[in-house]
Amino acid sequence: MVINENVERKIIPVAGGKGGVGKSFLSTSIALSLATVGKRVLLIDLDLGGSNIHTWLGMKNSNPGIGMFLNNKTTILSDLIVDTPYANLQFIPGDVMRFDLANITFAQKKKIMKAILNLDADYIIIDLGAGCNHNVIDFFLISNSGFMVITPETTSILNTYMFARNTVYRFLQRLFSNEKDIMKYLKNTIKDNVPGDPQNVESLLSGIAEFNKEAAEKAKNYLSILTPGIIINMAEEPDDINMVIALRGLIEKNLNIELECLGLIFFDSDVKKSLRERIPHLVENNDSVSASQIFRIAQKIALSENFPEMPYDKSEFESSFDITEVEAENDFELLKSKGFSNDDYDVEKLLDLVKKQRDMIAELQGTIKMLSSPGSGSGFSF
Ligand SMILES: Nc1ncnc2c1ncn2[C@@H]1O[C@H](COP(=O)(O)OP(=O)(O)O)[C@@H](O)[C@H]1O
Ligand SMILES: [Mg+2]
């Protein structure tokens, strides 16, 4: 595992447990923003099976990707690096429809990881797929401070909690992979965990301490270096951060790791439009509030002296979550003063609602027709 604090070249896997929360959009946008401030950035599309970074970059999907690297003994990963239309930003394509990250072999995973560690850039940003399977988590654990993208919805919050929980357990399993007693204990204890009863890492460590004090101490020390960064995406209002603050409390209390908050980005219907037009949102709508929120995150990353620790005035704010809260409130004022510049936002929502209602009515009518048809015996009529 790369400890980002200690190295010049930062490796940032981007995950989150759930699909559709904006991992690919944010991986691309943060990579692009870092590149515009002069950092050498390499973006890797590791959402094998669902690769779409080329689309976010507005590029054709015509270059060989990770699949070629896995299938071909003579290909080295750096051979696959392609230039993008943007200065300082290069990328390694995935392979659409050819692989599923959940199904690659252990040897293939090792091969990719080893090759990534040999790449050269100031920032290596890795877009991961959805899910909590071992392979996604192992790639997430390639460094100690990957990003988790969260949207303020219950499903995303739950998925992120499960992702963080599985990451911590996997981390412990890997740490003790050569110690039979501990592995057995972890296997039994974690398996016994019933859904809805969050397993507490503290009690897990106390269990280990009962038969191996040193190992428990070692686990505690190692866990203290794991600091995932949180990005809140598609927020509708500043208060949306409260769900994430509650999640932070739960993760820090139950899983013995600390989180860093990078920032919050508002929902902006222009994101989809720019994707359709294949021009990055940051380029097409660079004066939007959402673009400035992403630029700000990239700036914090670039200025962080002890990455992933976010740079802010510690005499004024208690944590990076507090500063994000204040930023979100200011951004919201700005959005309101712009009169929600993307004024088709409400119209789009309304159309969506009307369509949903129409579908529901059609379904209902179909059911009623079936029930009231001769022979159905229901005698139901509309
Ligand atoms: N801040 C945002 N505002 C509006 N739409 C967004 C935002 N972020 C992402 N989206 C939309 O959400 C969808 C999913 O984004 P994507 O990056 O592909 O998610 P993931 O990689 O997590 O599956 C895309 O259609 C994108 O346009
Ligand atoms: Mg994606």
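This is a short tour of a predicted model, from its sheet to a pocket and a cavity.

Residues are numbered from 1 along each chain as its sequence is written, and chains are lettered from A in the order in which they are written. Local features need pLDDT of at least 70, side-chain atom pairs count only at pLDDT 80 or more, totals for chains, interfaces and linings use all residues, and side-chain values use heavy atoms, without hydrogens or water.

**The sheet.** Select the eight strands (DSSP runs of E, at least two residues; helices are runs of H or I, at least four; both numbered from the N terminus). They make an open, mixed sheet in the order β3-β4-β2-β5-β1-β6-β7-β8, where pairing takes at least two DSSP bridges between two strands. Because β3 (82-83) and β8 (260-266) are the edge strands, each with a single partner, one side of each has no neighbour in the sheet.

Next, select residues 10-15 and 147-150: β1 and β6 pair in parallel over two bridges. A15 is found opposite M148 of β6.

**Helices on the sheet.** Colour α14, residues 320-337, which packs on the sheet and touches β7 and β8 (contact means heavy atoms within 4.5 Å); its direction makes about 15 degrees with that of β8. Angles run from 0 to 180 degrees between N-to-C directions of lines fitted to C-alpha atoms, for helices over the stretch in contact. Then show α1, residues 23-36: this helix lies across β1, β2, β4, β5, β6, β7 and β8, at about 165 degrees to β5.

**The second largest pocket.** Centre on M1, K110, M113, D138 and R174, which are the closest to the pocket centre among its 13 lining residues. A pocket is an open set of points on a 1 Å grid over the protein atoms alone, with protein on both sides within 12 Å along at least five of seven lines; lining residues have an atom within 4 Å of a point. The space amounts to about 290 Å³, as filled by probe spheres set on points joined across faces, edges and corners. Helix α4 (106-117) gives the most to the lining, six residues.

Stay on M1, in the segment before β1. M1 is partly exposed at 39% relative accessibility, the class between buried (under 20%) and exposed (over 50%), with a 1.4 Å probe and protein chains only. Its C-alpha atom is 9.7 Å from that of D138.

**The cavity.** Finally, select F25, T28, S29, W56, S274, P280, H281 and L282, which line the largest cavity (points where a 1.4 Å probe fits but cannot get out). Its space is about 40 Å³. Three of these residues, the largest share, come from α1.
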